[in-house]
Amino acid sequence: MPLLPFYKKIMLKILKYSFYDLMRSRWSYVYFAFYLLLGIVLLFLNNNLSKAVITLMNVIIVLVPLIGTIFGVMYYYNSKEFTELLLAQPLKRSSIFLGQYLGVAISLSLSLILGLGIPFVFYGLFKSNAIWDFSLLLITESFLTFIFTALAFNIALSQVNKIKGFGFAILLWLFLAIIYDGLFLMSLILFEEYPLDKLSLVGTLLNPIDLSRTLILLKLDISALLGYTGAIFKKFFGTNFGLIISFVTLIIWVVLPVTRIIFKAKKKDF
Amino acid sequence: MKQTILFLTAILLAYVSYAQNTEVCQTCTWTSLKEAIAHAKDFDTIYVKKGTYKEYNINIDKPLAIIGQDYPVIDGELKGEIITITSDNVRVDGLFIINVGSSYTEDYAAIRVRKSKHFTIQNVVLEKMFFGIYIEKSNYGRIFHNKVIGDAVEEYNSGNGIQLWYSNYIDIEHNYVEHVRDGIYLEFSNNCIIKNNVSAENLRYGLHFMFSNDDVYQDNVFENNGAGVAVMFSKKIKMLNNTFQKNWGTASYGMLLKEINDAEIRGNTFKENTIGINIEGSNRIEYKNNNFTNNGWAIKVRGACYGNHFLENNFLYNSFDISYNSKVNDNKFDKNYWSNYTGYDLNKDGIGDVPYRPVKLFSYIVNRTPETIILLRSLFIDIIDFSEKVSPVFTPDNLLDHNPLTKQIVW
Amino acid sequence: MVNIQDLHKKFGKNHVLKGVDLSIVNGGIFAVLGPNGSGKTTLIKSILGMVIPNKGTIEVLGKNINKSSEYKYQIDYLPQIANFPNNLKVKELIKMIKDLRGKTDLDQSLIALFKLEPFLDKKLGNLSGGTKQKVNIVLTFMFDSPIIILDEPTTGLDPISLIRLKDLIQAEKIKGKTILITSHIMSFVEEVSDEIVFLLEGQIYFKGSISNLKSKTNQPDFEHAIASILQENYA
């Protein structure tokens, strides 16, 4: 019996409905409008594509995770009744939650890509060599959206209390976006007599925000990165090795929390 | 007196009109360059026809013009030096010289000029050589439109493309040098002009000055060398309109200045180098109208540098604009354009109303613990950079550009 | 139809179901009653697979429901609070549920019955509580499954709709279906139900007809019978 395709079909249907639901909610428009505005303002202020891409990267690398987390938690809590309605239907739990998760993640990514893409395309992105930097930026930020929405679903699934859930989500963001780097910097300075290139690379891989930042550094700041002596560092940044490892790790960063969503969803009471 | 001059001129004219053309080829009277030189008279022209000539230790000891036709190949078969010029007024033109011998005791060159004046070496192609063109104790020469292609792998057993030693007033123009140790090397050589050359993929430096003064190099391109240009222990060098790019690596820079005084650096482009300019112990240098684009560090200042002026340069998208390893600053930055500048210009005079501080705390941290570079552009780093900007603790607090421009400078 | 054995469920320290045994063999209308926190909703949600029991087995139509979702094709469920995705229109919601669960034509007659036609193009977020409940009822009854579970079905309904709902329930009963109802409206329970399942502190205290309950508690009417049980146990 072709069970798997059947579940997949159901999941895609739920994805579709969550997606439509979100596409009609005013939050998607707010999010989309925000990025549209950000893109336009940056281009207007900088008058230069490359510089706008750099500023954009600085801004959205912390904003995208924040919005992904908050939106994920919010959507989960707000659609609780809808979820219960679905749970009473003959549908597999994993397909319900995966469908909802993908619906949120895809609609957020779409708002991001369209919101930023439209002003940059009008500004003449296709004629510029900033297009690769920009594409890489959008790809990594989409990854971040998928990762942080998944993390948000994890938090919401484990935490019945809405306020606490929001609190944890914000804390998680704060930790990964800022505190982690502070601790990272401190430990690098503390252990500066030791060879640190392995530690610094591992430290980067363990935090998806750092990881995405590194991917963008590979494009924008390769000249500076190649100034460092460590052999592992050199291999990582000097060849495609770094790019491949980073993308593989980003995929792992999506897969792990999604797996936990499935696992957690199977055991949860509603 | 007049008579003497007339007489001398007459003799000279007779001599010149006497000058003959000789040909070297498989079926000619002379089948080798050595024979032709041995039998030539002063101021003769020797035409070398197309073909391969297996010769080395060719000594040109009289004023001759040796002109290759359709690039004849002079193959040294790795046995030693190929052409040595020991006479004034020699011209070598249009030869394809390969397989110079290598030795640990002698610097064999494809073409060596020794203690001679008024020589011209042009349209020569050199391959598989140890040293390319080696000028020693010779003045007033011209090295024009040559191509030097080495196959150097390691510094200790490879030679330089074009080397000047105790030689003054030499013009080096329109040459292309790659894959040697130093593309062009000047030692104790003054008043030379190095212009419109391309020096790329060399193991050590694209261009290297040691103890050489009053030289000018301009409109050259230095790309992907171990380091672009090293200027050391020299005075009054003019560096104009050169391009330094893609010099990547640990100790890699577009330009290295060490113990350089009173130089002028103008109109150059430093693009995508790990370090644009690395400065040590260099004083009274004027940096004007240079572009620093996408470098890791646009300028890295190490130790005693006094009285340098950085005027009207563009600093565009460098990971770090300026890095200092001390708290002391005696250099002046004025009217530069900094793409990292975030201030405003309320009176619209094109000058930002808030001074720009080009040294960041993070560059200080990276100097101390290089691995921290991995945190570049992190929000946390931005926060600590900001706090340092507000009240400098680790970086020189008088290092400011008081008149940062709000638009990129075009000249 | 439904067979439950030794069902236990804890939420943290709170032991909600403490060994429920319940066997419903034939069709008919069963009212699940009990004071607040007695485990009514937990029991119903366990049957629906929304709550995962710590211990015990539940069989629906002879099959263990553990880790399965297929059996839910045999159950129609009316959830307690009808909160639907606010941005969907009524007809889209109906279409969506049909899309997810399977084809049916019963929705047309149900929409007509509850006079929902004018609301079909409105967004669910803009509907009143009563109208939402009517939509909820349409969604529940449109699939014609052998088991129907109704959680507080009367909430927000106007008298006419209430009468129609009662008729609907009776009609389904005649088809031989098993209908489980929870409600706080005792008159409604008394009117419609054939049997009472009374839960008290996580266990089944009483299962039988209303007349049995009255005679057991020596009370003349249903409401007092219920009240006396509670007084006995809490006094």
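# A tour of three chains

Begin with chains B and C selected together: no contact joins chain B and chain C, and their closest C-alpha atoms lie 37 Å apart. What is open in the viewer is a predicted model, and the tour passes from chain A and its two partners to a sheet in chain C and then to two loop residues.

**Stop 1: chain A as a whole**

Select chain A by itself and colour it by secondary structure, where twelve helices and zero strands will appear. Followed along the sequence, chain A therefore reads as the pattern α-α-α-α-α-α-α-α-α-α-α-α, and its radius of gyration is 20 Å, close to the 18 Å that the globule rule gives for 270 residues, so chain A is as compact as a globular protein of that length. If you turn the chain along its principal axes, its C-alpha atoms fill a box of roughly 60 × 45 × 40 Å. Of the 270 residues of chain A, 47% count as buried, and among the contacts within chain A between residues at least 6 apart in sequence, 83% join residues at least 24 apart.

**Stop 2: where chain A touches chain B**

Now bring chain B back beside chain A. Of the two pairs of chains in contact, chains A and B share the most contacts, with 29 residues of chain A in contact with 27 residues of chain B. To find the chain A side of this contact, select α3 (49-78), α7 (162-190), α8 (197-205), α9 (208-220) and α10 (222-225) of chain A, the elements that each give two or more residues to it. Which of these elements gives the largest share of the side that touches chain B? That element is α7(A), which contributes eight residues. When the chain A residues that touch chain B are coloured by type, they divide into 14 nonpolar, nine polar and six charged.

**Stop 3: where chain A touches chain C**

Hide chain B and show chain C with chain A, a contact that takes 20 residues from chain A and 21 residues from chain C. Here the helices to select are α1 (3-24) and α4 (80-87) of chain A, each of which supplies at least two residues of the side that touches chain C. Coloured by type in the same way, the chain A residues of this side divide into nine nonpolar, three polar and eight charged.

**Stop 4: the sheet in chain C**

Keep chain C alone and look for an open sheet of six strands, in which the order is β6-β7-β8-β3-β9-β10 and the pairing is mixed. At its edges are β6 (75-78) and β10 (203-208) of chain C, each of which pairs on one side only, and from one strand to the next the twist averages 15 degrees.

Start at the β6 edge, where four bridges join β6(C) to β7(C) and the two strands run parallel; with side chains displayed, C:Ile75 can be found opposite C:Ile147 in β7(C). Then move one step along the sheet order, to the place where strand β7 (residues 147-151) and strand β8 (residues 178-182) of chain C pair in the parallel sense over five bridges. Two positions are good to label here, since they show how the strands line up: C:Ile148 stands opposite C:Ile179 in β8(C), while C:Leu180 in β8(C) is the bridge partner of C:Ile149. Trace the backbone onward from β7(C), and it crosses through helix α5 (residues 159-174) of chain C to β8(C), in a β-α-β crossover that is right-handed.

Before leaving the sheet, return to β7(C) and ask whether its residues are buried or exposed. Five of its five residues are buried, and the cover extends to both faces of the strand, with C:Ile147, C:Ile149 and C:Asp151 on one side and C:Ile148 and C:Leu150 on the other. In a regular strand the side chains alternate between the two faces of the sheet.

**Stop 5: two residues with positive phi**

Most residues other than glycine have a negative phi, and the last two selections have the opposite sign.

Staying with chain C, select C:Glu201, which lies in the loop between β9 (195-200) and β10 of chain C. Its phi is near 45 degrees, a positive value in a residue other than glycine. Because C:Glu201 has 15 C-beta neighbours inside 10 Å, it counts as partly exposed.

Finally, show chain B again and go to B:Lys335, in the loop between β38 (332-334) and β39 (337-338) of chain B. The phi of B:Lys335 is near 55 degrees, again a positive value in a residue other than glycine. With 17 C-beta neighbours inside 10 Å, B:Lys335 also counts as partly exposed.

Key: Residues numbered from 1 in each chain as written. Chains lettered and ligands numbered in written order. Predicted model: local features only at pLDDT ≥ 70, side-chain atom pairs only at ≥ 80, totals over all residues. Contact = placed C-beta atoms within 7 Å. Nonpolar A, V, L, I, M, F, W, Y, C, P; charged D, E, K, R; others polar. Pairing = 2+ DSSP bridges. Axes fitted to C-alpha atoms, helices over the stretch in contact; angles between N-to-C directions. Buried ≥ 20, exposed ≤ 12 C-beta atoms within 10 Å, placed from the backbone. Right-handed = clockwise from strand over helix to strand, strands pointing away. Rg over C-alpha atoms; globule rule 2.2 N^0.38 Å.
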